[in-house]
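Biologist: I should like a close look at a single part of this model. Please take the charged side chains as the starting point and set them in their context.

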Amino acid sequence: RDERGFLPDFKNLQELYKHKFDQQETLAKELRKRQREIKENEEGGVRQRQLFRELQSLLNFVTEERGRMRHSNGTNGGFGIGEQQQSRDELLAETIDLGSAQMLCME
């Protein structure tokens with residue numbers, strides 16, 4: 001064995017492995033803490049996703065009804081839209097998937 005030891009900071013294998021064990025223990029504690037935080041915040045995320053789906057359904061319903069009313073009686077759908085507005089100004093709701101989130105776009 002060399003006089004320098006195993007590594008500059010450790011005299012023997014026991015010290016080296018104790019240090020590595022302590023590092024892993026610290027990492028495990030941090031991971032458990034992070035997991036606990038995620039679980040605590042998940043409930044709010046579930047509620048937010050539910051509200052988003054309900055809003056999207058409502059906007060889709062309004063859009064469909066508006067189209068039906070416009071076609072059935074030839075008016076602007078009874079939503080108080082002036083004659084000067086073009087048809088492209090209708091309420092349109094579209095969901096765009098961004099991977100980890102969804103974005104609701106309205107024109």
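Which residue forms a salt bridge with E65, and how far apart are the closest N and O atoms?

Modeller: The partner of E65 is R68, and the closest N and O atoms of this salt bridge are 2.1 Å apart. The model is a predicted one, and the distances given here are computed from it. E65 and R68 are three residues apart in helix α1, which means that about one helical turn separates them. An α-helix has 3.6 residues a turn, so residues three or four places apart point the same way. Side chains of opposite charge can pair when their charged atoms come close. As for accessibility, E65 is partly exposed, with a relative accessible area of 24%.

R68 has a second partner, E64, and in this salt bridge the closest N and O atoms are 3.7 Å apart. The cut-off for a salt bridge is 4 Å, so this pair is counted. Here the spacing is four residues, again within helix α1 and about one turn of the helix. Both ends of this pair are partly exposed: R68 has a relative accessible area of 46%, and E64 has one of 45%. Taken together, E64, E65 and R68 are linked in a network of salt bridges.

The count for the model comes to three salt bridges. Outside the network just described, D22 forms a salt bridge with K18, with the closest N and O atoms 3.2 Å apart. D22 and K18 are four residues apart in helix α1, so about one helical turn lies between them. D22 is partly exposed, at a relative accessible area of 31%.

The helix that carries these pairs deserves a description of its own. Helix α1 runs over residues 13–73, a total of 61 residues. From its first C-alpha to its last, α1 reaches 87 Å, close to the 90 Å expected at 1.5 Å a residue. The helix nevertheless contains a kink of about 35°, centred on E42. At the start of α1, a side-chain oxygen of N12 comes to within 3.2 Å of the backbone nitrogen of Q14.

Finally, the buried residues of α1 are L16, G45, L59, T63, R66, G67 and R70. Among them are T63 and R66, whereas E64, E65 and R68 are partly exposed.

Terms used: Residues are numbered from 1 along each chain as its sequence is written. This is a predicted model: local features need pLDDT of at least 70, side-chain atom pairs count only at pLDDT 80 or more; totals for chains, interfaces and linings use all residues. Side-chain values use heavy atoms; hydrogens and water are left out. Helices (H or I, at least four residues) and strands (E, at least two) are DSSP runs, numbered from the N terminus. The expected span of a helix is 1.5 Å times one less than its number of residues. The bend at a residue is the angle between axes fitted to the seven residues ending there and the seven starting there. Buried means under 20% relative accessible area, exposed over 50%, partly exposed in between (1.4 Å probe, protein chains only). A polar contact is a pair of N or O atoms within 3.5 Å; within protein, one must be able to donate a hydrogen and the other to accept it, and residues adjacent in sequence count only if both atoms are side-chain atoms. A salt bridge is a side-chain nitrogen of Lys or Arg within 4 Å of a carboxyl oxygen of Asp or Glu.
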